[in-house]
Amino acid sequence: MGNYNYFYRCIGCGRELDAPYSVCPFCGGPVIIEYPEPRFRVDKSRPGIWRYGSLLPGFGETVSHGEGLTPISSVDGVLVKNEKKNSTGTYADRASAVIASYAKSTGVRLIKTEYIEAFTQSLLYYLKGMAKVRVLVRSLDSLSMDDIVRIYGMNNVDVTTKDTSIGDEARINYLNPLTIEGLKTIVFELYERRVRAENIVVPLETGVLAYSLVKGLDDLRKAGAEPGYTVVAAVVKGASVPEIVMRLGVKVAEIEAEEVLDALGRLTRKGFVTMPISAVSFAVARILGSSVAVLTMGYKPYRLYTGRGQLREEIIELLREKGRMTAYEMWKERQSYTLRAFYKVLRGMEVRGEVCSEVEARGARKVKYFRLCKNP
Ligand SMILES: [Zn+2]
């Protein structure tokens with residue numbers, strides 16, 4: 001589904017590299033993916049970020065959990081791109097889809113990753129059943145209750161403060177060329193939908209998101225498109241600006257903390273519950289005008305999925321992806337459950353109005369198709 005003609009390159013020293021390093025092993029510079037023959041084609045038959053496969057790295061395997069194509073709405077006159085609508089409730093799902101595709105294709109069995117809240121939680125979700133993940137935490141204090149539920153509720157994950165190598169693990173940190181490729185799809189979506197705005201405003205944080213969007217615009221231009229947006233990284237006055245942002249010349253806009261609190265109020269009252277760090281982009285977009293604010297994440301309470309609860313989630317995922325399926329077709333895709341379990345869980349979901357069904361004749365047989373109800 002991706003573009004197989006790509007390579008890894010350090011933008012510090014210009015060297016071509018053989019793997020998606022977090023930073024260049026020669027000079028410590030940022031590493032990106034380049035496409036010698038960039039083309040921008042949208043495969044409208046694909047629901048998520050892989051519809052932009054012509055400008056994403058091709059790995060042989062493609063992992064998707066319905067990330068991408070997040071809605072845009074107007075809040076107090078500001079266009080808001082709501083990244084909460086991704087699978088685990090954060091923009092990081094876009095990165096996780098690309099990283100998981102890479103991991104699945106290379107068949108790596110152990111992945112080590114430094115702990116960064118939403119990113120780690122998203123990555124664990126995407127790597128479920130694929131590889132064992134070792135999460136490096138700096139200290140016990142850095143784990144929130146939410147993290148504990150999410151991380152320790154999963155099999156195949158261990159958490160450690162010791163960064164020792166056992167030799168055959170892949171190390172995937174937040175900053176790496178795969179993350180950049182995943183996150184840049186936000187601008188592809190704005191461009192595909194011809195959203196009219198001058199600026200795309202994102203929270204500055206580590207600078208990775210801002211830089212990823214700049215890279216996405218660059219890729220579009222190299223493919224002959226004229227997206228015409230400027231990426232603005234929003235930050236609270238007085239915070240430090242990461243080196244990557246200064247180095248790559250990303251535009252930065254500062255804002256008073258009071259304005260961010262005001263933005264939080266406006267967003268929350270309109271039903272957009274988000275972190276202060278995410279509201280910063282809304283506050284800046286309001287002042288700049290003609291802007292789309294990217295709300296990077298929302299509040300999505302996490303439930304510990306076990307047994308039937310887990311199967312229900314997987315059914316929703318499958319139907320989101322495929323539109324409609326029979327119980328048998330679902331079971332063929334998820335054989336870790338029994339066919340009987342599918343029938344049981346689907347019956348409950350139908351009673352609760354979560355799935356709707358239709359019966360069709362196939363020869364002499366009747367076949368029951370399930371789909372997600374329009375307004376659950
Ligand atoms: Zn280098």
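Setting aside neighbours within four places in sequence, Val 78 touches Ser 73, Phe 282, Ala 285, Arg 286, Ser 291 and Ala 293. This is a predicted model. Val 78 sits in strand β5, and its relative accessibility of 5% puts it among the buried residues, since buried means under 20%. Gly 289 lies 211 residues away from Val 78 along the chain, yet the two C-alpha atoms are separated by 7.4 Å.

Leu 372 gives another view of the fold. This residue belongs to strand β16, which covers residues 365–372. With neighbours within four places in sequence left out, Leu 372 is in contact with Ile 316, Leu 319, Arg 320, Gly 323, Glu 354 and Val 355. A relative accessibility of 26% makes Leu 372 partly exposed. As for Thr 164, 208 residues from Leu 372 along the chain, the C-alpha atoms of the two are separated by 45 Å.

Next come the charged pairs. Side chains of opposite charge can pair when their charged atoms come close. Searching the whole structure turns up 30 salt bridges. One of them joins the side chains of Glu 83 and Arg 94, with 2.7 Å from N to O. Glu 83 is placed in the loop between β5 (78–82) and α1 (92–106), while Arg 94 is part of helix α1, so this salt bridge ties together parts that are 11 residues apart in sequence. Both Glu 83 and Arg 94 are buried.

Arg 94 has a further partner in Glu 189, and here the closest N and O atoms of the salt bridge are 2.8 Å apart. That pair links distant parts of the chain, with Arg 94 in helix α1 and Glu 189 in helix α5 (residues 185–192), 95 residues apart. Glu 189 is buried, just as Arg 94 is.

The salt bridge between the side chains of Arg 324 and Glu 360 comes in at 2.7 Å, N to O. Again distant parts of the chain are linked: Arg 324 lies in strand β14 (residues 324–325) and Glu 360 in strand β15 (residues 355–362), 36 residues apart. Arg 324 has 27% relative accessibility and so counts as partly exposed. Glu 360, at 35%, is likewise partly exposed. Elsewhere, salt bridges with shared partners join Asp 76, Asp 262, Arg 266, Lys 270 and Arg 286 into one network. Arg 286 of that network is also one of the contacts of Val 78.

The helix packing is worth a look too. The axes of α1 and helix α2 (residues 117–127) come within 9 Å and cross at roughly 40°. The two helices, α1 and α2, are therefore oblique to each other, and their crossing is right-handed. On the α1 side, the contact is made by Ala 92, Asp 93, Ser 96, Ala 97, Ile 99, Ala 100 and Ala 103, and on the α2 side by Ala 118, Phe 119, Ser 122, Leu 123, Tyr 126 and Leu 127. Sorted by character, the residues of this α1–α2 contact come out as 10 nonpolar, two polar and one charged.

A second helix pair involves α5, the helix that holds Glu 189. The axes of α5 and helix α6 (residues 208–222) come within 7 Å, crossing at roughly 50°. That makes α5 and α6 oblique to each other, because angles between the roughly parallel and roughly perpendicular ranges, from 35 to 65 degrees, fall in the oblique class. From α5, Ile 186, Val 187, Phe 188 and Tyr 191 meet Leu 209, Leu 213, Gly 216, Leu 217, Asp 219 and Leu 220 of α6. The residues in this contact of α5 with α6 divide into eight nonpolar, one polar and one charged.

Finally, the backbone has some residues with positive phi. Leu 69 is not a glycine, but its phi is positive, at about 50°. Leu 69 is located in the loop between β3 (31–34) and β4 (72–75), and a relative accessible area of 36% leaves it partly exposed. Arg 194, also a residue other than glycine, has a positive phi near 50°. Its place is the loop between α5 and β10 (199–203). Arg 194 counts as exposed, because its relative accessibility is 54% and the exposed class is over 50%.

Methods
Residues numbered from 1 in each chain as written. Predicted model: local features only at pLDDT ≥ 70, side-chain atom pairs only at ≥ 80, totals over all residues. Heavy atoms only, no water. Salt bridge = Lys/Arg side-chain N within 4 Å of Asp/Glu carboxyl O. Helix = DSSP H or I, 4+ residues; strand = E, 2+ residues; numbered from the N terminus. Buried < 20%, exposed > 50% of the residue type's maximum accessible area, 1.4 Å probe, protein only. Axes fitted to C-alpha atoms, helices over the stretch in contact; angles between N-to-C directions. Parallel < 35°, antiparallel > 145°, perpendicular 65-115°, else oblique. Left-handed = near helix turned anticlockwise from the far one by under 90°. Contact = heavy atoms within 4.5 Å. Nonpolar A, V, L, I, M, F, W, Y, C, P; charged D, E, K, R; others polar.
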